[in-house]
Amino acid sequence: MAALVGVAPMNRDSGTYAGKQFIRGGRNKVRTVLFMSIMSAIQYHPQLKPMYERMVTAGKPKKEAMVACMRKQLTILNTMVKNGTFWDEKMA
């Protein structure tokens with residue numbers, strides 16, 4: 001699912017060369033909507049806010065922490081659709 005949206009890390013390796021990982025590809029419009037929702041979620045979401053703050057405190061760049069939160073949010077949304085449930089803060 002993350003690769004379809006374009007938030008999965010892609011390797012840039014060749015032979016013995018080990019490059020950095022980047023996000024690329026996927027559905028640009030979906031990724032844009034997910035990015036805008038994560039801007040609000042890192043301020044108020046009971047699961048994603050502590051995750052984002054923990055990663056930034058550990059020294060991760062803010063955009064990298066946001067992409068990790070986007071993947072987490074995508075996993076949560078995918079599970080909700082799969083189970084046919086609505087958001088319940090008690091289950092967070």
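**Exercise 1. Surface and burial**

Task: State how much accessible surface the protein chain has and what share of it belongs to carbon and sulfur atoms.

Solution: In this predicted model, the accessible surface of the protein chain amounts to about 7000 Å², and carbon and sulfur atoms account for 57% of that surface. Turning from area to residues, the chain has 92 residues, of which 25% are buried. The C-alpha atoms occupy a box of roughly 45 × 30 × 20 Å along the principal axes. As for charge, the chain carries 15 positive and 5 negative side chains, and the centres of these two sets are 8 Å apart.

**Exercise 2. Order of the elements**

Task: Determine how many helices and strands the protein chain contains, and in which pattern they follow along the sequence.

Solution: The count gives four helices and four strands. Reading along the sequence, one finds the pattern α-β-β-β-β-α-α-α. A further step considers contacts with a separation of 6 or more, of which 43% are between residues 24 or more positions apart.

**Exercise 3. Helix 2 against helix 4**

Task: Describe how the axes of helix 2 and helix 4 are arranged, giving the distance and the crossing angle.

Solution: The description of two packed helices rests on the angle between their axes and the distance between the axes. Here, the axes of helix 2 (residues 28-44) and helix 4 (residues 62-83) come within 9 Å and cross at roughly 100°. Angles of 65 to 115 degrees count as roughly perpendicular, and helix 2 and helix 4 are therefore roughly perpendicular to each other. On the side of helix 2, the contact involves R31, L34, F35, S37, I38, M39 and I42, while helix 4 contributes M66, C69, M70, Q73 and L74.

**Exercise 4. Two residues in one loop**

Task: For H45 and then for P46, decide whether the residue is buried, partly exposed or exposed, and list the contacts of H45 and of P46, leaving aside neighbours within four places in sequence.

Solution: H45 lies in the loop between helix 2 and helix 3 (48-57), and P46 is likewise placed in the loop between helix 2 and helix 3. The relative accessible area of H45 is 16%, so this residue is buried, since buried means under 20%. For P46 the value is 41%, which makes P46 partly exposed. With neighbours within four places in sequence left aside, H45 is in contact with P50, I76 and W87, whereas P46 is in contact with W87 and E89. P46 and E89 are 43 residues apart along the chain, and their C-alpha atoms are separated by 7.8 Å.

Key: Residues are numbered from 1 along each chain as its sequence is written. This is a predicted model: local features need pLDDT of at least 70, side-chain atom pairs count only at pLDDT 80 or more; totals for chains, interfaces and linings use all residues. Side-chain values use heavy atoms; hydrogens and water are left out. Helices (H or I, at least four residues) and strands (E, at least two) are DSSP runs, numbered from the N terminus. Buried means under 20% relative accessible area, exposed over 50%, partly exposed in between (1.4 Å probe, protein chains only). Contact means heavy atoms within 4.5 Å. Accessible areas come from the Shrake-Rupley method with a 1.4 Å probe; for residues, only the protein chains shown count as cover. Lys and Arg count as positive and Asp and Glu as negative; His and the chain ends are not counted. The place of a charge is taken as NZ of Lys, CZ of Arg, CG of Asp or CD of Glu. Axes are lines fitted to C-alpha atoms, for helices over the stretch in contact, and angles run from 0 to 180 degrees between N-to-C directions. Angles under 35 degrees count as roughly parallel, over 145 as roughly antiparallel, 65 to 115 as roughly perpendicular and the rest as oblique.
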